[in-house]
Amino acid sequence: MTKADIIDGKAFAARLRESISARVARLEAAHGLTPGLAVVLVGNDPASEVYVRNKARQTREVGMASFEHRLAAETSEAELLALVERLNRDPAVHGILVQLPLPEQISEAAVIGAIDPAKDVDGFHVVNAGLLMTGGEGMVPCTPRGCMMLLRDRLGDLSGLRAIVVGRSNIVGKPMAHLLLREHCTVTVAHSRTRDLAAECRRADILVAAVGRPEMIRGDWIKPGATVIDVGINRVPAPEKGEGKTRLVGDVAFDEALAVAGAITPVPGGVGPMTIATLLDNTLIAACRQIGVDPATLSG
Ligand code: NDP
């Protein structure tokens with residue numbers, strides 16, 4: 001029985017960060033500009049704290065400036081909007097990321113809508129969503145962009161391949177579907193109302209799972225030789241590691257998939273590490289565009 005190749009997102013992300021460092025240095029040398037990323041955290045959700053710390057560390061490691069804004073859980077929407085306005089006007093800030101989820105008194109849509117689309121490095125603003133849909137040049141959401149990099153690295157030309165995206169969220173599923181369409185795939189978008197999901201999946205050369213349900217996609221749902229990108233991050237009990245211990249699993253039953261797929265991303269170590277690396281890449285692209293430099297000219 002053949003065994004799927006494991007797509008090493010951690011190694012790919014490390015190479016991407018090296019390339020970003022080199023391009024940041026060239027931007028500084030040629031234009032005297034250091035890209036800056038502002039990350040805003042409201043409240044003290046422990047998972048968000050970890051993400052924000054990692055983002056800030058990796059931002060500094062590639063030679064960019066990191067600005068962290070930590071606000072109390074009871075911050076009002078008006079206070080947060082005032083901070084976003086200040087960051088929009090700050091010439092040292094080229095990318096703005098407001099860590100989600102936000103406390104319930106704050107409308108996420110209002111905050112995302114207030115970010116200058118040129119600085120919206122998460123790519124969640126309706127202007128950027130619209131540009132992605134219409135084939136324009138906006139900011140592309142980080143996680144789907146990271147998935148596309150892994151797919152292109154593995155498969156090269158994706159033209160004509162059948163792809164299924166399981167999940168239709170605004171941050172992963174929908175932008176992923178549009179990116180695959182842009183690469184000339186034939187795209188199916190599945191969700192909780194899809195009938196016979198297993199049969200839909202079995203037709204796909206590329207399967208992207210972004211559901212948030214541990215190991216929902218079984219091995220016999222996968223077309224032999226397909227490329228599987230598992231976006232899901234689910235924490236499940238792991239009694240084998242000791243009482244009360246947990247481990248991370250994806251949306252795909254990994255061991256079953258290994259026996260069928262051509263290649264698959266593991267969880268952890270697949271899509272996850274790509275997300276922060278593409279955020280940094282988006283920040284560099286945003287900085288270049290804001291001073292009228294073509295980001296492609298920085299590639300060595
Ligand atoms: P959402 O909860 O916003 O969306 C989940 C999607 O899955 C929905 O479209 C939902 O359908 C669909 N769904 C739920 N149950 C089923 C089912 N039984 N069958 C088919 N479809 C189903 O999640 P996100 O898109 O934000 O995240 C998805 C996963 O990816 C999560 O595990 C999250 O932690 C992870 N993630 C990982 C990132 C990374 O960096 N690796 C970044 C972002 C997310 P419907 O619309 O009908 O409700």
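In this predicted model, helix α10, which spans residues 271-290, gives the most to the shell around the ligand, with 3 residues. The shell holds 22 residues, of which Arg168, Ser169, Ser192, Arg213 and Thr275 come nearest to the ligand. Sorted by character, the shell residues comprise 10 nonpolar, 10 polar and 2 charged.

Several polar atoms of the protein face polar atoms of the ligand. In the side chain of Arg168, an N or O atom is placed 2.7 Å from an oxygen atom of the ligand. The backbone also takes part: a polar backbone atom of Ile233 is 3.1 Å from an oxygen atom of the ligand, and a polar backbone atom of His191 is 3.5 Å from a nitrogen atom of the ligand. Taken alone, the ligand would expose 920 Å², and 70% of that area is buried by the protein.

The strands considered next belong to two open sheets. One of them is built from 3 strands in the order β3-β2-β4, with parallel pairing. Strands β3 (65-71) and β4 (95-98) occupy the edges, and each has a single partner strand, so one side of each is left without a neighbour in the sheet. From one strand to the next, the twist averages 15 degrees. Strand β2, made of residues 36-42, runs parallel to β4 and is joined to β4 by 4 bridges. Within this pair of strands, Gly95 of β4 stands opposite Leu37. Helix α10 packs on this sheet and touches β2 and β4; the direction of the helix makes about 125 degrees with that of β2. Helix α10 thus appears in two settings, as a contributor to the ligand shell and as a helix packed on the sheet.

The other open sheet contains 6 strands, arranged in the order β1-β11-β8-β7-β5-β6, and the pairing is again parallel. Here the edges are formed by β1 (5-6) and β6 (186-190); each has a single partner strand, so one side of each is left without a neighbour in the sheet. Strand β5 (residues 162-166) is joined to β6 by 5 bridges, and these two strands run parallel. Val165 has Val189, in β6, as its bridge partner. Helix α7, which covers residues 173-182, packs on the sheet and touches β5, β6 and β7 (206-209). The direction of α7 makes about 170 degrees with that of β5.

Some features of the backbone in the loops also deserve mention. A cis peptide bond, with omega of about 0 degrees, joins Leu100 and Pro101. Pro101 is situated in the loop between β4 and α4 (108-114). Another cis peptide bond joins Val267 and Pro268, where omega is likewise about 0 degrees. Pro268 lies in the loop between β11 (263-264) and α10, and α10 is the helix that gives the most residues to the ligand shell. A further backbone feature concerns His184, a residue other than glycine whose phi is positive, near 70 degrees. His184 is located in the loop between α7 and β6; α7 is the helix that packs on the sheet of 6 strands, and β6 is one of the edge strands of that sheet.

Key: Residues numbered from 1 in each chain as written. Predicted model: local features only at pLDDT ≥ 70, side-chain atom pairs only at ≥ 80, totals over all residues. Heavy atoms only, no water. Near = heavy atom within 4 Å. Polar contact = N/O pair within 3.5 Å; in protein donor to acceptor, adjacent residues only side chain to side chain. Areas by Shrake-Rupley, 256 points an atom, 1.4 Å probe, with all protein chains shown as cover. Nonpolar A, V, L, I, M, F, W, Y, C, P; charged D, E, K, R; others polar. Pairing = 2+ DSSP bridges. Axes fitted to C-alpha atoms, helices over the stretch in contact; angles between N-to-C directions. Contact = heavy atoms within 4.5 Å.
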